[in-house]
There are 2 protein chains.
Amino acid sequence: MAEVRSDNASRHKTRANIVECAAQLLREQGTSAVTTRAVAQAAGMQAPTIYRFFEDKDALLDAVAEHVFATYVAGKTLVEDSGDPIADLRAGWDTHIGFGLANAALFGLLTDPSRGARSPAAAAGLEVLRARVHRIAAIGRLRVPERRAIELIHAAGTGAVITLLSTPPEHRDLDLADAMYETVMRSILTDVPTLPSDSATAAAVAFRAVTPKLTMLTDAERALLSEWLDRASDGLSRPGLRPRSDAVQD
Amino acid sequence: MAEVRSDNASRHKTRANIVECAAQLLREQGTSAVTTRAVAQAAGMQAPTIYRFFEDKDALLDAVAEHVFATYVAGKTLVEDSGDPIADLRAGWDTHIGFGLANAALFGLLTDPSRGARSPAAAAGLEVLRARVHRIAAIGRLRVPERRAIELIHAAGTGAVITLLSTPPEHRDLDLADAMYETVMRSILTDVPTLPSDSATAAAVAFRAVTPKLTMLTDAERALLSEWLDRASDGLSRPGLRPRSDAVQD
DNA sequence: CCATGTTGCTAACGCTGATAGCATCTTCAT
DNA sequence: ATGAAGATGCTATCAGCGTTAGCAACATGG
């Protein structure tokens, strides 16, 4: 038989080109712009040709996910497996969050339970998380079963990204991901410093809650008071942080 | 002018029928089964007739979301606003989780950042959460700003549901939602009992992590040991709970 | 040099969401 | 009662989608 070896180099190149065109379309124009015809045109071919390289549109999207994710982690300085497993987990968290925010449409695909469950890219990401949690368990810093830790981290991460993506960019609370990370870590790890007793913060927050009812103040006074209380409760709830000079958070 | 009053009752009834047919289709056969033609056939009409009642397919889906959610909360005993704001929040959490698991396809639609952000049903749900958190703030039990608390709860809830939905039903860890709730509450509320010092659990989890390497044990022995350690670490990490006699929890 | 497999094209199918335009029915003012 | 106006629902149709069939051109190993 004529066994034309298909690792012809050219085959891989055009295949990669298709994937990259699809990825660009997905990134710049969203999910609905990724049609077989649009991808084919961007890659300089006719739509049916795509099916010479991918069984499905699904398979194409899987390849896109894999490619984009690989490109992203390659761009990051890959500080895999430093001496400190907890630092590694933290780095992985930041990568995950950053990836989700930078690739909203793709993240939506990977997150969709019907599609994402069998996506190889998503599975690979989960495997990385599993390994990192395992290393933490091995050094005796985990106080919940590994599986529970993995699920909590995974759920918290995807939830944080989705919540951020659901908020218009100019209103996003970029500290949410950090807060979520600390929240989960406090439940999962041993030896995390416990939160200080917090009556001051609680009082500030409680008073802030009733501020709108303080009709004896003018609107301007109330607005100023509200802003002070916001800063107070926010600052007190994050001990050890100095107030940021650029208070741009609208 | 002829001002045909369109609160004709019949109009609302056929409209409601369309919504219910679409909801049933969505629930029983998933997102892709909800086509204008399928909905129309189920409702006993032709596809274009739907557009006499809904501007878009999007608008139809919004109506479906609203209807299903309203039906769901109506089915629950509506214990709104008991004396205890924290109990109310807890009840709302359970409702949210239960709704997500019972209506996977719809939850997927509401969760999609591109669609869900402007969905009235999703906005209404968020408003309920906002009000409940506000009441907790007012009684001085919140130790983070209201907005932060809302975002954490929302992100944790959607993340937990998505994670559960991404797992095949027979492998689901149904306690994940509870664990996530406690995790978030420990970071958000004052006066939550701090976790006990946890060296025993950590030791059990750490030993569990190296169990696969214990080659001096037989496979059967290792399996048994693993199961004991799973039960030990799981039980120790949830203080105050007796081991469950039946592993099945509703 | 031919047989075989690869690559890419045109044409087409069945499906989707959506629109146009025409009948029919309801309703109300006259 | 009757006719104008709006509501309702239909058929026919559109452009777009993922996907398949079938054919031509090309590469390549025996």
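Q: What makes a residue count as one that surrounds DNA strand C, and which are the closest?
A: In this predicted model, a residue is near a strand if one of its heavy atoms lies within 4 Å of it. DNA strand C is surrounded by 19 residues, and the closest are A:R11, A:R52, B:T36, B:Y51 and B:K57. Of the strand C atoms within 4 Å of the protein, 50% are sugar or phosphate atoms, while the rest belong to bases.

Q: Why is the approach of B:T36 to a phosphate oxygen of DNA strand C called a polar contact?
A: A polar contact is a pair of N or O atoms within 3.5 Å. A polar backbone atom of B:T36 is 2.7 Å from a phosphate oxygen of DNA strand C, and the pair therefore falls within the 3.5 Å cut-off. The backbone of A:Q46 also takes part, with an N or O atom 2.8 Å from a phosphate oxygen of this strand, whereas for B:T35 a polar side-chain atom lies 3.5 Å from a phosphate oxygen of strand C.

Q: What classes of residue make up the surface near DNA strand C?
A: The surface near DNA strand C has 7 nonpolar, 5 polar and 7 charged residues.

Q: Which residues are the closest to DNA strand D, and how many surround it?
A: DNA strand D is surrounded by 19 residues, of which the closest are A:T36, A:Y51, A:K57, B:R11 and B:R52. Sugar and phosphate make up 51% of the strand D atoms that come within 4 Å of the protein. By class, the surface near strand D consists of 8 nonpolar, 4 polar and 7 charged residues.

Q: How do you know that A:K57 makes a polar contact with DNA strand D?
A: An N or O atom in the side chain of A:K57 is 2.7 Å from a phosphate oxygen of DNA strand D, and because a pair of N or O atoms within 3.5 Å is a polar contact, this pair qualifies. For A:Y51, a polar side-chain atom lies 2.7 Å from a phosphate oxygen of strand D, and for A:D56 an N or O atom in the side chain is 3.1 Å from a phosphate oxygen of that strand.

Q: Where in chain A does the UniProt record place a "DNA-binding region"?
A: The annotation, from an unreviewed UniProt entry, covers residues 35–54 of chain A. In the model, this span is 35% helix and 0% strand, and its end C-alpha atoms lie 14 Å apart.

Q: Why is A:R143 called buried?
A: Buried means under 20% relative accessible area, and A:R143 has a value of 13%, so A:R143 is buried. A:R143 lies in the loop between α7 (120–138) and α8 (146–166) of chain A, and its side chain reaches the backbone oxygen of A:R186 at 2.8 Å.

Q: Which residues touch the most other members of the largest nonpolar core?
A: They are A:I153, A:I188, B:I153 and B:I188, in a core of 62 residues. At least two residues of this core come from each of α4, α7, α8 and α9 of chain A and each of α4, α7, α8 and α9 of chain B. Not counting residues up to four places away in sequence, B:I188 touches B:R141, B:L142, B:R143, B:V144, B:A149, B:L152 and B:I153.

Q: How many helices and strands does chain A have?
A: Chain A has 11 helices and 0 strands. Of its 250 residues, 42% count as buried.

Definitions and conventions. Residues are numbered from 1 along each chain as its sequence is written. Chains are lettered from A and ligands numbered from 1 in the order in which they are written. This is a predicted model: local features need pLDDT of at least 70, side-chain atom pairs count only at pLDDT 80 or more; totals for chains, interfaces and linings use all residues. Side-chain values use heavy atoms; hydrogens and water are left out. A polar contact is a pair of N or O atoms within 3.5 Å; within protein, one must be able to donate a hydrogen and the other to accept it, and residues adjacent in sequence count only if both atoms are side-chain atoms. Ala, Val, Leu, Ile, Met, Phe, Trp, Tyr, Cys and Pro count as nonpolar, Asp, Glu, Lys and Arg as charged, and the others, Gly among them, as polar. UniProt positions are given in the numbering used here, feature names are shortened, and annotations may be inferred rather than shown by experiment. Helices (H or I, at least four residues) and strands (E, at least two) are DSSP runs, numbered from the N terminus. Buried means under 20% relative accessible area, exposed over 50%, partly exposed in between (1.4 Å probe, protein chains only). A nonpolar core is a set of buried Ala, Val, Leu, Ile, Met, Phe, Trp, Tyr and Cys residues joined through side-chain atoms within 4.5 Å. Contact means heavy atoms within 4.5 Å.
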